[in-house]
Amino acid sequence: MKLDTLIGEPWADYGLVDSGNGRKLERYGRYRFIRPEPQAMWAPATENWRAQGEFVPASDEDGGGRWVFAESVPREGWPLKWNEVRFTAQPTPFRHLGFFSDMAPVWSWMREQVADLDQPECLNLFGYTGVGTLAMATAGAKMVHVDASKKSVEAARGNAVLSGMTEAPIRWIVDDAVKFVAREVRRKRRYDGILLDPPKYGRGPEGELWRLEEDLPGLIADCRKLIDADSRFLFLTVYAVRMSALAIGELVRQLFGDLPGKVEAGELGVREETRGLTLPTAIWARWSR
């Protein structure tokens with residue numbers, strides 16, 4: 001299987017300014033932040049980074065850490081914009097800022113896949129704060145947004161308000177993704193497109209345990225039952241470094257290979273503004289008709 005790279009380019013409200021020595025410097029609107037980045041193994045363009053805040057990782061391997069601020073930053077967040085979508089950015093305890101900027105080329109690609117359909121119906125699993133959901137909704141899609149975190153779904157609803165999308169045809173659902181998809185299969189539902197962005201580990205609203213390596217194959221198999229020959233896409237992103245794009249590509253190929261269209265896999269990356277190099281961030285696999 002040939003691997004491809006989807007590269008996120010800078011836009012007005014976001015840019016990867018510089019990277020290196022295991023860190024990255026990014027701009028989020030008028031604020032700059034420094035975050036750990038193990039894949040930035042090269043030297044940065046300059047050592048003189050200035051930022052409002054930096055996330056300092058813990059000494060253990062559990063992914064903990066804390067933000068250290070050199071200047072005042074609105075703790076309630078500040079608005080950013082991607083095309084028609086408005087959303088709130090703010091430092092979170094999980095080292096990111098409330099959305100995943102490297103998904104921008106995925107949002108654009110999904111919109112292209114359904115551009116000729118009248119109100120395509122799409123499903124966003126592990127939808128988080130809803131930027132992907134709103135990217136599709138502003139392009140005319142009827143969306144089902146599912147996340148196990150009530151707080152995340154509330155944030156997604158808030159982003160819909162910012163975007164002027166309170167009346168958009170979006171179902172906001174707090175639920176375990178595996179259980180929700182299983183129920184949709186029993187209901188014999190279908191979708192024109194499905195986006196999955198699963199975490200490595202997670203818990204559902206009733207304590208359901210999610211382990212990526214163990215649970216992903218079954219979830220993708222059930223997603224296949226929600227897709228038919230007239231559907232347009234399934235897009236899967238994985239941020240677990242130990243997994244391979246070839247592995248998830250083969251998983252999708254075996255389950256979707258009977259459908260017309262093609263299966264592809266590769267890496268996500270973000271283009272650095274200073275030198276134009278690509279910082280890898282995740283792996284992906286997709287089926288499209």
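In what follows, Ala, Val, Leu, Ile, Met, Phe, Trp, Tyr, Cys and Pro count as nonpolar, Asp, Glu, Lys and Arg as charged, and the others, Gly among them, as polar. With that settled, good morning, colleagues. The model before you is a predicted one, and I shall speak about its internal cavities and then about a group of strands.

Rolling a probe the size of a water molecule over the atoms shows where empty space is left. In this model, two cavities of 30 Å³ or more are found.

Let me begin with the largest cavity, whose volume is about 140 Å³. Its lining comprises 15 residues, and those nearest the centre are F100, G127, Y128, G132 and D197. Two elements, β9 (121-125) and α2 (131-137), give two or more residues each to this lining. By character, the lining holds nine nonpolar residues, five polar ones and one charged.

I turn now to the second largest cavity, which encloses about 30 Å³. Among the residues lining this cavity are M110, C122, L123, G132, M136 and F233. At least two lining residues come from each of β9, α2 and β12 (193-196). Which classes of residue make up this lining? The answer is eight nonpolar and three polar residues, with no charged residue.

Finally, the strands. β4 (residues 31-36) and β5 (residues 53-57) run parallel and are joined by two bridges. Within β5, E54 is the residue opposite I34. On pairing with β6 (residues 65-69), β5 runs in the antiparallel sense, over five bridges. There, G53 faces F69 of β6 as its opposite residue.

Thank you; I welcome your comments.

Notes:
Residues numbered from 1 in each chain as written. Predicted model: local features only at pLDDT ≥ 70, side-chain atom pairs only at ≥ 80, totals over all residues. Heavy atoms only, no water. 1 Å grid on protein atoms, 1.4 Å probe; cavity = no way out; pocket = protein on both sides within 12 Å on 5 of 7 lines; lining within 4 Å. Points joined across faces, edges and corners; volume = space filled by probe spheres on them. Helix = DSSP H or I, 4+ residues; strand = E, 2+ residues; numbered from the N terminus. Pairing = 2+ DSSP bridges.
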